[in-house]
Amino acid sequence: MLKISNGLSILLIASIFQLLCSSLSTAENNGTGKELERALKWLITQRGKDWGWGSQETTQALLAVSLTRTGDPLERELSTKQMELNLVLQLWRHHETPPLTPGKIAMYALALTANCHDPRQFHGHDLIGSLLHHEAESDSEFALASLAICSSGAHVRKRHLRRLLDIASSKHSVDSLGGVVLALQCIVKDHRNRNLQQYLRKPILALASLQQSSGGFGSLHSTALAIQALGDETEAWNRSTAVSWLVNQQGPDGAFFDIDTTSEVILALASRGLGNIKEVDCDDPLSNAEYPNAAIITFHTLSDTTTEPDTKPSSKPNKAKSVANNDKQNKTVSSETATTTDEGDHDGTSTVSYTLWVGSNVTENHTISITMPHNSTFYNVMQMAAEKDNHYVFSATEWPNGHYVHTLAGFKEQPMKYRYWLLYRLPSLPDPSNPPGNQLVAPTGVDDLIVEDGEHYLFWYKKL
């Protein structure tokens with residue numbers, strides 16, 4: 001027993017000593033302990049009261065604080081929730097600019113995975129499935145999307161591998177090569193793709209050859225990405241001069257120009273970047289299960305000539321009529337209005353129910369039955385409902401890809417208070433005692449949603 005105990009003690013001491021030596025060696029090699037700490041402190045000071053960094057910057061900043069484990073876990077979770085809210089709003093308001101692109105979806109997926117949230121089941125949307133179905137045109141975005149797919153634990157398809165290898169075997173920019181190296185490094189960790197290890201050498205050498213005499217790889221963004229991709233590949237490039245070039249760009253306040261760039265540099269200096277996301281240890285690991293019920297996101301693009309949004313309501317009557325009543329604040333009001341039309345038959349019409357709920361606790365509840373010709377859109381249903389009942393009068397902004405409804409029954413969306421109208425497509429009449437989950441939010445806008453006979457639709461004004 002004494003020998004075993006002593007042996008365990010020696011092993012424990014040796015392990016601790018090795019860990020300390022490794023940490024000290026990394027700090028000495030990088031020489032960036034103070035610079036990294038200053039950058040992280042500045043980044044935290046830029047976080048808002050809502051725990052985010054802005055609609056576009058939160059994703060990158062969250063990756064930096066999550067992978068470096070900066071701050072309290074609860075704070076990181078609050079920031080993750082704020083990022084999720086940003087994405088939910090973008091998915092819901094997909095007709096507005098800027099449109100979601102595969103690159104943006106990939107960044108959201110990476111941040112969700114880094115925080116142990118499954119991007120394949122994001123409020124009824126499969127972000128990874130969307131990346132698999134919609135390939136990015138640019139090589140750098142495609143490489144980032146492939147990294148997100150691999151990091152989530154999903155299987156990277158053969159056609160994606162072929163394109164990655166094509167990029168790896170030809171001359172490209174720092175951004176595309178850096179992304180390809182990170183993606184392939186993630187993929188070869190899967191035992192099914194170990195044979196691809198031999199294909200990593202060429203893009204690594206090609207990327208290393210792009211290092212400039214100053215030590216950098218062009219911009220701060222490109223240099224940070226190259227450092228993450230090349231890692232400990234010391235033979236082909238000079239890591240210390242690259243890191244020195246980065247830290248020399250740091251401002252007196254600790255920032256590297258802006259939130260996004262500072263976040264990218266942090267991942268490079270911390271030696272724990274995008275390539276380490278798959279290694280994040282979660283209590284409940286992501287499985288490789290398929291999610292057939294999750295919606296695939298359609299990537300919308302606006303025409304080159306963008307028209308100014310029409311501020312006038314696009315339906316008739318063209319002005320929303322308020323039905324707000326202070327006496328109804330804490331009382332549920334329910335009304336069911338039936339049209340005089342006959343039940344829809346299968347020869348040429350479809351009959352659907354259309355319900356309005358106001359308030360998270362449903363203080364107002366109105367339902368109407370509408371019969372429309374086959375292949376009608378939900379926007380057509382809204383127009384007919386508004387003509388029949390003033391409760392359904394609405395206002396919308398018209399964009400090149402369709403209408404965005406912002407006011408119904410006199411209640412207008414209030415972004416500053418996170419109150420929005422959400423449209424649900426349901427298999428049965430909505431019940432306030434059993435409200436629908438976010439997985440039932442309609443996958444498209446009102447102009448693209450073709451109604452079917454017997455379906456039920458709910459527009460719910462609630463706080464997100």
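Buried means under 20% relative accessible area, exposed means over 50%, and partly exposed lies in between, with a 1.4 Å probe and protein chains only. The model is predicted, so local features need pLDDT of at least 70 and side-chain atom pairs count only at pLDDT 80 or more, while totals for chains, interfaces and linings use all residues. Residues are numbered from 1 along each chain as its sequence is written, and side-chain values use heavy atoms, with hydrogens and water left out.

**Exercise 1.** Decide whether R163 is buried or exposed, and describe its surroundings.

*Solution.* Begin with the location: R163 belongs to helix 8 (residues 158-168), where helices (H or I, at least four residues) and strands (E, at least two) are DSSP runs numbered from the N terminus. Next, compare its relative accessible area of 19% with the cut-off, and R163 therefore counts as buried. Then look at the neighbours: leaving aside residues up to four places away in sequence, R163 touches E135, A136, E137, S138, D139 and F142, where contact means heavy atoms within 4.5 Å. One of these, E137, has its backbone oxygen 2.8 Å from a polar atom of the R163 side chain. Finally, the charged end of R163 sits over the ring of F142, 4.1 Å from the ring centre; this term requires NZ of Lys or CZ of Arg within 6 Å of the ring centre and within 35 degrees of the ring normal.

**Exercise 2.** Work out how the rings of W357 and W460 are arranged, and where the two residues lie.

*Solution.* Rings of Phe, Tyr and Trp (its six-membered ring) pair if their centres lie within 6.5 Å, and planes under 30 degrees apart count as stacked, over 60 as edge-to-face and the rest as tilted. The structure holds eleven aromatic pairs. In the pair of W357 and W460, the centres are 5.1 Å apart and the planes stand at 85 degrees, so the pair is edge-to-face. The pair links distant parts of the chain, since W357 lies in strand 2 (residues 349-358) and W460 in strand 8 (residues 456-463), 103 residues apart. Both W357 and W460 are buried.

**Exercise 3.** Find which strands pair with strand 2, and in which sense.

*Solution.* Two strands pair if DSSP finds at least two bridges between them. With strand 3 (residues 364-373), strand 2 pairs in the antiparallel sense over ten bridges, and T349 stands opposite P373. With strand 8, strand 2 pairs in the parallel sense over six bridges, and here Y354 stands opposite Y457.

Key: Polar contact = N/O pair within 3.5 Å; in protein donor to acceptor, adjacent residues only side chain to side chain.
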